[in-house]
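Trainee: I would like to test some labels against their cut-offs. Can we take them one by one?

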Amino acid sequence: MDAAQQEATARARELQRNWYGEPLGALFRRLIDDLGLNQARLAGVLGLSAPMLSQLMSGQRAKIGNPAVVQRVQLLQDLAGQVADGSVSAAEATERMEEIKKSQGGSVLTNTTTSTTSSGAPTVKRVVREIQSLLRSVAAAGDIIEAADTLAPTHPELAEFLRVYGAGRTSDAVTHYQSHQN
């Protein structure tokens, strides 16, 4: 790799860090490790070609162009956290990955049959995920944390909201929401 290619790769990785909170290579490797996948399987679940995944991981490409793929990445991150904390088994994770693979992304607060209560109301988890998706669609996690730090002295509640919902794990945000409903 010549100097120009190295510079372009470094620039792409920095853009990824700004947009997604970290370089996609690190993020995708963690998903592969945490969920027991290989690159081809991860590409399939995300709806990317294997070469595109490889280009994103290596920094040859900076941005995921399809918002539905970005949403699938977020759903896989949430799933990996649930597998890590033991709330989802390996068998359940495999089933969930198939559901994630079929998801089309979509507009904010769309309901699906798996994410509503029997009354048809969205579940807390679904609403939290939609809030996270909305926040993450306009700013990277690092930018959200920086905004929270800036707001903390004058608006501590808003800063906490941004940290929990904009840069935190879904399970932590659900717990936060439930603890504030009393």
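Mentor: We go from the overall fold to the aromatic pair, then to helix 10 and the empty spaces.

Trainee: What kind of model is this, and what makes up its secondary structure?

Mentor: The model is predicted. The chain has 10 helices and 0 strands. Read from the N terminus, the elements run α-α-α-α-α-α-α-α-α-α. Of the 182 residues, 36% count as buried.

Trainee: How many aromatic pairs does a search of the whole structure find?

Mentor: The search finds 2. One of them joins W19 and Y20.

Trainee: Why is the pair of W19 and Y20 called edge-to-face?

Mentor: Two values matter for any such pair: the distance of the centres and the angle of the planes. Here the ring centres are 6.3 Å apart, and the limit for a pair is 6.5 Å. The planes stand at 80°. Edge-to-face requires over 60 degrees, so W19 and Y20 are edge-to-face.

Trainee: Are W19 and Y20 buried or exposed, and how do you know?

Mentor: Y20 has a relative accessible area of 19%. Buried means under 20%, so Y20 is buried. W19 has 36% relative accessibility. That value falls between 20% and 50%, so W19 counts as partly exposed.

Trainee: What makes K63 a charge over the face of W19?

Mentor: K63 lies at 5.6 Å from the ring centre of W19. The distance limit is 6 Å, and the direction must be within 35 degrees of the ring normal. K63 is found to lie over the face.

Trainee: Now helix 10. Why is H176 called buried, and which side chain does it contact?

Mentor: H176 sits in helix 10. Its relative accessible area is 16%, and the cut-off is under 20%, so H176 is buried. Its side chain makes a polar contact with the side chain of Y165, at 3.4 Å. The limit for such a contact is 3.5 Å.

Trainee: What about A173 in helix 10?

Mentor: A173 has a relative accessible area of 0%, so it is buried. A173 and V128 are 45 residues apart in sequence, yet 6.7 Å apart in space, C-alpha to C-alpha.

Trainee: Next, empty space. What makes a space a cavity, and how many are there?

Mentor: A 1.4 Å probe fits in a cavity but cannot get out. The count comes to 1 cavity of 30 Å³ or more. The largest cavity has a volume of about 70 Å³. Its lining includes Q71, Q74, D78, R129 and R136. Helix 5 and helix 7 each give two or more residues to that lining. Helix 7 gives the most, with 6 residues. The lining divides into 1 nonpolar, 4 polar and 5 charged residues.

Trainee: And what makes a space a pocket, and which residues lie nearest the centre of the largest pocket?

Mentor: A pocket is open. The largest pocket has a volume of about 930 Å³. It is lined by 43 residues, with Y20, V70, Q74, Q77 and R136 nearest its centre. Y20 is also in the edge-to-face pair with W19.

Trainee: Which helix gives the most to the lining of the largest pocket?

Mentor: Helix 5 does, with 11 residues. Helix 1, helix 2, helix 7 and helix 10 are among those that supply at least two residues each. The lining holds 18 nonpolar, 16 polar and 9 charged residues.

Methods
Residues numbered from 1 in each chain as written. Heavy atoms only, no water. 1 Å grid on protein atoms, 1.4 Å probe; cavity = no way out; pocket = protein on both sides within 12 Å on 5 of 7 lines; lining within 4 Å. Points joined across faces, edges and corners; volume = space filled by probe spheres on them. Helix = DSSP H or I, 4+ residues; strand = E, 2+ residues; numbered from the N terminus. Nonpolar A, V, L, I, M, F, W, Y, C, P; charged D, E, K, R; others polar. Phe/Tyr/Trp six-rings, centres within 6.5 Å; stacked < 30°, edge-to-face > 60°. Buried < 20%, exposed > 50% of the residue type's maximum accessible area, 1.4 Å probe, protein only. Polar contact = N/O pair within 3.5 Å; in protein donor to acceptor, adjacent residues only side chain to side chain.
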